[in-house]
Amino acid sequence: MSSIALDPAAHPVAASPDSRPSLLGLTRAGLAQALASIDVPEREIRMRVTQLWHWIYFQGVTDFGLMTNVAKALRARLAEHFTLARPEVIAEQVSKDGTRKWLIRMPPVDARDRGAEIECVYIPERDRGTLCVSSQVGCTLTCTFCHTGTQKLVRNLTAQEIVQQLVVARDRIGDFPGMTPPTDGLLPSGEGVRAVSNIVFMGMGEPLYNFDQVRDAIAVLSDGDGLSLSKRRITVSTSGVVPEIPSLGAEMGTMLAISLHAVRDELRDKLVPLNKKYPIKDLLDACRNYPGLSNARRITFEYVMLKGVNDSPADARELVRLLKGIPAKINLIPFNPWPGTQYECSDWGVIERFSEIVFNAGYASPVRTPRGRDILAACGQLKSETEKIRARARLMLEEAEAAEGESAPQ
Ligand code: SAH
Ligand code: SF4
């Protein structure tokens, strides 16, 4: 999109510490608005946006001076008014197996905001790398097994902040042209494989309650002239905001993951209270109608294994029955306990039995050893809840695996 009909509220520009706003993370419309604000003539704007887009998102430059095809005077004017600053990485942890975790501080978006701290996890595998991003700080929903659910919503992240998470990751793992990848961890390899090839919205927050910003961020992330992530390699995970699922399919066209966790409304009402509003039947109907489903494009159903709560063989059989007719994959997630939680993780044998039933019904249902255990164990130093990150790390692995066999280009 290169329209310059702008809605300033939809594209807030984050202030960097020196008070010049950073252009990094803006949509094409946001960049056009920024250029208009420094009196770039309207007839030039589309062309300038194209140039900036390439330098910011394809080359990953941090300095306007490097934008050699942009007139020198304009480069100077851009530098006078804007930066390409990244949000600050407060902490970085690198696991022996290459898993990386960053604590990122987002600058305040307005006078009332005290800034936001979010965690981002990167999991490399042989032929792909998955980044888990956040869409909100905290969450308005109150899933009883989720640590984020015990925190109030601090605020929505802007599209700019969502995109910045990927740019920070690419900076850190040398995934822009001319950068040298770090030598202290493993990265995926192979012809044409980007270090970050997949994105999952499985960090903090409910992405479908921040729809517009997530949609705008996905437009930037998937733009073929810039960051170029295939939409088939972007997965949005929702606890079941049913009315937004058709719009997700129509406006974002990404892969869909559903946090199901229970097969009966009575239990799901307790685990995922949003179920009282949008019960299982409505949720699964919305899934059935999700556009573009096929065996190669399946919905992921996430199912957290809670001891004695949702982990019986009868639950497994009901899960299989419920999902009949929906191209689906099932991710069984061992529950990660956090201080004060009432739940425990199911015993290993129970998880295996559950997995077997699901497997025998024709669904791959791997339960994998978590990655990055060494750093995750040590991540009490980071601000956000670490147990949850650990759960997500597992989940991301399953996601990455589930994407196996897809032949979509990067
Ligand atoms: N709000 C969205 C996306 C973020 S949560 C959603 O709920 O889908 C990402 C995943 O982590 C969800 O499937 C969530 O249910 C799961 N999760 C949350 N807390 C967990 C825990 N303590 N152990 C294991 N998985 C957890
Ligand atoms: Fe929010 Fe997802 Fe946690 Fe539920 S599981 S409280 S929707 S982040």
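Start with the whole chain, before selecting anything. In this predicted model, residues 24 or more positions apart account for 67% of the contacts that have a separation of 6 or more. Colour by secondary structure, and the protein shows 12 helices and 11 strands. Of its 410 residues, 57% count as buried. Switch on the surface: the accessible area comes to about 16,700 Å², and carbon and sulfur atoms hold 52% of that.

**Stop 1: the core**

Hide the surface and select Leu23, Phe145, Phe201 and Phe301. These are the residues with the most contacts inside the largest nonpolar core, which has 108 residues. Where does this core lie relative to domain 1 (22–81) and domain 2 (88–388)? Both domains give residues to the core, so it lies between them. As a general point, nonpolar side chains tend to be buried together in soluble globular proteins.

Now keep only phenylalanine 145 and show what surrounds it. Leaving aside neighbours within four places in sequence, phenylalanine 145 is in contact with His261, Leu271, Val272, Val304, Leu306, Phe335, Trp338 and Tyr343. Two of these names, His261 and Leu271, come back at later stops.

**Stop 2: ligand 1**

Select ligand 1 and the residues around it. There are 22 of them, and the closest are Gly205, Ser237, Ser259, His261 and Glu302. Three pairs of atoms are worth a distance label. For glycine 205, pick the backbone: one of its N or O atoms lies 2.8 Å from a nitrogen atom of the ligand. For serine 237, pick the side chain, where a polar atom lies 2.7 Å from a ligand oxygen. For glutamate 302, an N or O atom of the side chain is 2.8 Å from an oxygen atom of ligand 1. How much of the accessible area of ligand 1 does the protein cover? On its own the ligand has 530 Å², and the protein covers 96% of that.

Next, colour the elements that form the shell. Strand S8 (234–238), strand S10 (299–305), strand S11 (328–334) and helix H12 (386–402) each supply at least two residues. Which element gives the most? H12 does, with 3 residues.

**Stop 3: histidine 261**

Stay by the ligand and select histidine 261, one of the closest residues to it. This histidine sits in the loop between strand S9 (255–259) and helix H7 (265–271). Its relative accessible area is 3%, so it is buried. Check the backbone as well: phi is near 70 degrees, a positive value in a residue other than glycine.

**Stop 4: two cysteines in one loop**

Select cysteine 139, in the loop between strand S5 (136–137) and strand S6 (155–156). With 12% relative accessibility, cysteine 139 counts as buried, because the cut-off is under 20%. Beyond four places in sequence, cysteine 139 touches Thr148, Gln151, Lys152, Leu153, Gly205 and Glu206. Glycine 205 is the residue whose backbone was labelled at the ligand. Asparagine 156 is 17 residues from cysteine 139 along the chain, and their C-alpha atoms are separated by 8.8 Å.

Then select cysteine 143, which is also placed in the loop between S5 and S6. Cysteine 143 counts as buried at 13% relative accessibility. Draw a line from its C-alpha atom to that of leucine 271: the two are 128 residues apart in sequence and 5.4 Å apart in space. Contacts of cysteine 143 outside its sequence neighbours are Gly149, Leu271, Val272 and Pro273.

**Stop 5: helix H5 and the loop after it**

Select residues 211–221, which form helix H5. Is this helix mostly covered or mostly uncovered? It is mostly covered, with 8 of its 11 residues buried. To see them, pick Phe211, Gln213, Val214, Asp216, Ala217, Ile218, Val220 and Leu221. They pack against helix H2 (42–59), helix H4 (159–172), strand S7 (198–201), S8 and helix H6 (245–252).

Follow the chain into the loop between H5 and S8 and stop at serine 228. Its phi is near 60 degrees, again a positive value in a residue other than glycine. Serine 228 counts as partly exposed, at 21% relative accessibility.

**Stop 6: isoleucine 351**

Last, select isoleucine 351 in helix H10 (residues 348–360). This residue has a relative accessible area of 1% and is buried. Its C-alpha atom is 8.0 Å from that of leucine 332, a residue 19 places away along the chain.

Definitions and conventions
Residues numbered from 1 in each chain as written. Chains lettered and ligands numbered in written order. Predicted model: local features only at pLDDT ≥ 70, side-chain atom pairs only at ≥ 80, totals over all residues. Heavy atoms only, no water. Core = buried A, V, L, I, M, F, W, Y, C linked by side-chain atoms within 4.5 Å. Buried < 20%, exposed > 50% of the residue type's maximum accessible area, 1.4 Å probe, protein only. Domains from an automatic or database assignment. Contact = heavy atoms within 4.5 Å. Near = heavy atom within 4 Å. Polar contact = N/O pair within 3.5 Å; in protein donor to acceptor, adjacent residues only side chain to side chain. Areas by Shrake-Rupley, 256 points an atom, 1.4 Å probe, with all protein chains shown as cover. Helix = DSSP H or I, 4+ residues; strand = E, 2+ residues; numbered from the N terminus.
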